[in-house]
Amino acid sequence: MILTRENILNFVITAGLILVPIYAVIVEEPFTITLATRAVIFSLAAVGLNIALGLGGMVSLGHAVFFGLGGYTMGILAFHAQSYIPLFEWPILIEGTKQMLVVWPLAMIISAIAAFVIGLLSLRTGGVYFIMITLAFGQMFFFFSISWSAYGGEDGLSIYVRNQFPLVNTLVPIQFYAICLAILMLALWINARLAKSSFGLALSAARQNTERVRNVGLDPTSIKLVAFVISGAITGLAGALFADLNRFVSPTMFSWQLSGEIMVFIIIGGIGRLYGPVLGAIIFVTLEHFLGGISEYWLVFLGLLLLLIVLFSRGGLVGLLVGRERVHE
Amino acid sequence: MGAANSCTQTCGVFMSFALFAEQVLNGLQSGIMLFVMAAGLTLIFGVMGLINLAHGSLYMVGAFAAAAAAAWTGSFLLALVAALTGAALVGMFVEMLVIRRLYDRDHLDQVLATFALILIFSEGTRFFFGSFPLFLDVPKVIAGPINLPIGIEYPVYRLIIIGVGLCVALGLWLLISKTRLGVQIRAGKNDREMIAALGVNISALYTFVFAIGAGLAGLAGALVGAIQSVQVGMGEPVLILAFVVIVIGGIGSIKGAFIGAILVGLTDTLGGIFLPELFKLFMEGSIATSLGSALASMLIYILMAVILVCRPQGLFGVQG
C-alpha cells in the first residue's frame, strides 16, 4: 500500500475506531461504546450506498428500503423465535431464529432481491427520474410497514434479547461492537477490491460515459444493476445490525429522512472516497450527541453545515483534509 | 341496470352511489391540490433543471403564514393571501440566497442542498411555532355541506378548493401559452443562452418562476391545512406525492402534472376505501381490512411503476 495522505487518514480513522471504545471500557463509559456502535452501523449503511452513489453515480434516495428490510428481517425472525410461533407451517416448517449467522445472510438476500426489483425498474430511467422513483419506492415500503399490523404496524416491534453469535456474548457492548466493526472492515475491504477490479472500472466508466461503455460492448445498465444489488445488500446488513443494537424495529427505518441522512454521511465525509462514509457517519453521530445535548434544534446546524459543504467544499471532509483524489495510474 | 343490481347484492350496503360520488369528489379534491403543488415543482424543473426537495417546506411555510395571519386578523381570505405572498417571498429570498447557486450543479448537489434547506426550515419553524399542530378554521359560511343533485351532500369548502385549483390550472395555462412572460419561460426551457442574448434578464426570470412555484405551494399548504392540521413535517409526504405525480405525468409538463395529479388523487382515495371492501369478498374480514389497507397505501406507487415500465418518460414527457 502506498503511503498517501488519504491512506494515513484512513489509518488514523481505523485506529480511532479501535482505540476509543477500548478506552471507553477502561474508564467504564458504556454509552460511548453504544455511540460508537451506532456510528459504525451507519458507516456500514453508507458504505453500501457509496458503492451505488460514489462508484456507480446512482443517486438513490431510497436506500432506507434496504436498511428497513434488513431490520425487519431480523425483527420478524426474532418475533417468531421469542413467541414460538412458526413463520410458515406450509409447505415446510420454518421457525424464527435468534442466530446472527442465519439472520445476516437472510437480511442480505431479501435486501438484494428488493434492490434487484427496484433497480430493474428505476434504471429504465436516469437522472432526476431515478432520484424521484427511488424516493417513491422508499415511501411505498414505509406506508406498507405502517399499515401492515401483523408486525406492530406504526408502533414497531420490540425484541427482548439480542441475537446470538457463536463464542461471543453479544450482550456485552464491546463484544457486539467488535462484531460490527469487523463487518465494517470487511465491507470496506470488499469496497476497495471492487473499485480496483475490472467490474469496478467498468462501473466507473458507466458513471462517466454510458455511450462509450456501450460502444466497447458492455451493458452499462446491467453493470449498474449488479452494483445496486451489492449496495442494497450491504445496507440491508447494516439494518439488521441496527435492529440488534436498538432491539427495536419500526417504520422510521424505512423513512425517507433516513435515506437522506445516509446520503448526508457520504457527502459530509467525501463522495466516492473509501472512508468518506465512515468519517461522515462518525461526525454525524458525534454532532447528534453533542449538539443534540445543547439544543433540541440541532438539525438546523446540521442543515447549515451540509449546505456549506455542498455549496463551497465539494470533496467533503476527506477532500478538505487530503486534497483531491489521485487520478488512476 | 343489471350491473347495478348485482352490485348491491354482492357488495352489500357499502357502495351506494352517493357514497361513491362523494369519494370521487374527495379524490378530485386531493388530486387538484396535488396539482397546485406539482405544477410549481414541474415548472421549476422544466425551466431551471432544478430538483427542489424544499418545495414541501414552502407548502409548510404557506400553511403557517396562513395560520398566523388568521389568528391575527381573523379573516380566512387574508390568511390565504398571506400564504400565497408569504411563501412566494420566502421562495424568492431562498432562490437568491441559495437556489441560484445550484442551477449549474448536478442533481446530487441539488438534492443535498435542498435537503439541508428542509432541515433548516423544519427545525426553524419548530423553534418559532413549537411542535404542537396549529389549527386553521374554515369560515362557518363555507364549512357546512351543500346538497348536490342526486342526493349527494358535500362540504362547500372542498368544492371551493376544487374551484381554486381549476382556476390555478387555467391561470397557469394562460400565463404560459398566452403572455409574453410565458414565451420567455418556454424559451428559457429550450435555450437559456439564446434568450439571454436576446436581452431577457434570465436571473430575474428564474427568480420569478421560483416565486410562482413557491407561492402556489404555499397556497396549497394553507388550503389543505384548513382541512387537516398545520404542523412541522406536513410538507414532505405531499412533496413525495407531488414527485410521483410529475414522474407519472412527465417532468416539465404542466398538462402531465394535471392529469397525473387527478390520477394519483383518485387512485389513492378510492383505493383506500374500496380495496379493503373488495378483499372482503373473498377473504376473512380482519385479514381483508389489514391486507387491503396495506395494499391501498402502496397503490399509487404501483401505478407509478406500471406507467414507468410502459413509458419511462412519463405520460406527457418528451423522450430523451
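**A pocket and three helix crossings**

Student: Which helices each supply at least two residues of the lining of the second largest pocket?
Tutor: Keep in mind that this is a predicted model. Chain A gives helix 5 (127-147). Chain B joins in with helix 2 (17-48), helix 10 (202-225), helix 11 (235-249), helix 12 (254-280) and helix 13 (285-310). So that's helix 5 of chain A, together with helices 2, 10, 11, 12 and 13 of chain B.

Student: And which helix gives the largest share of that lining?
Tutor: Look for the helix that brings 6 residues to the lining of the second largest pocket. No helix has a larger share, and the one you want is helix 2 of chain B.

Student: Which residues lie closest to the centre of that pocket?
Tutor: The second largest pocket has a volume of about 810 Å³. Its lining counts 32 residues, and by class they are 17 nonpolar, 13 polar and 2 charged. The closest to the centre are S30(B), Q228(B), V238(B), L241(B) and D268(B).

Student: Now the crossings. How are helix 3 and helix 4 of chain B set to each other: parallel, antiparallel, perpendicular or oblique?
Tutor: Helix 3 (residues 55-73) and helix 4 (residues 76-97) of chain B have axes that come within 7 Å and cross at roughly 140°. Roughly antiparallel would need an angle over 145, and roughly perpendicular runs from 65 to 115. That angle fits neither, so helix 3 and helix 4 of chain B are oblique.

Student: How many nonpolar residues does their contact have?
Tutor: Helix 3 of chain B brings residues including L58(B), V61(B) and A65(B), while helix 4 of chain B brings L78(B), A79(B) and A82(B), among them. By class, the contact of these two helices has no charged residues and 3 polar ones. The nonpolar count is 12.

Student: Is the crossing of helix 3 and helix 11 of chain B left-handed or right-handed?
Tutor: The axes of helix 3 and helix 11 of chain B come within 8 Å and cross at roughly 130°, so these two helices are oblique. As for the hand of the crossing of helix 3 and helix 11 of chain B, it's right-handed.

Student: Which charged residue sits in the contact of helix 7 with helix 9 of chain A?
Tutor: Helix 7 (residues 198-208) and helix 9 (residues 220-246) of chain A have axes within 9 Å, crossing at roughly 115°. Helix 7 offers F199(A), A202(A), L203(A) and A206(A), and helix 9 offers P220(A), I223(A), K224(A), V226(A) and A227(A). By class that contact has 8 nonpolar, no polar and 1 charged residues. Lys counts as charged, so the residue is K224(A).

Note on methods:
Residues numbered from 1 in each chain as written. Chains lettered and ligands numbered in written order. Predicted model: local features only at pLDDT ≥ 70, side-chain atom pairs only at ≥ 80, totals over all residues. Heavy atoms only, no water. 1 Å grid on protein atoms, 1.4 Å probe; cavity = no way out; pocket = protein on both sides within 12 Å on 5 of 7 lines; lining within 4 Å. Points joined across faces, edges and corners; volume = space filled by probe spheres on them. Helix = DSSP H or I, 4+ residues; strand = E, 2+ residues; numbered from the N terminus. Axes fitted to C-alpha atoms, helices over the stretch in contact; angles between N-to-C directions. Parallel < 35°, antiparallel > 145°, perpendicular 65-115°, else oblique. Contact = heavy atoms within 4.5 Å. Left-handed = near helix turned anticlockwise from the far one by under 90°.
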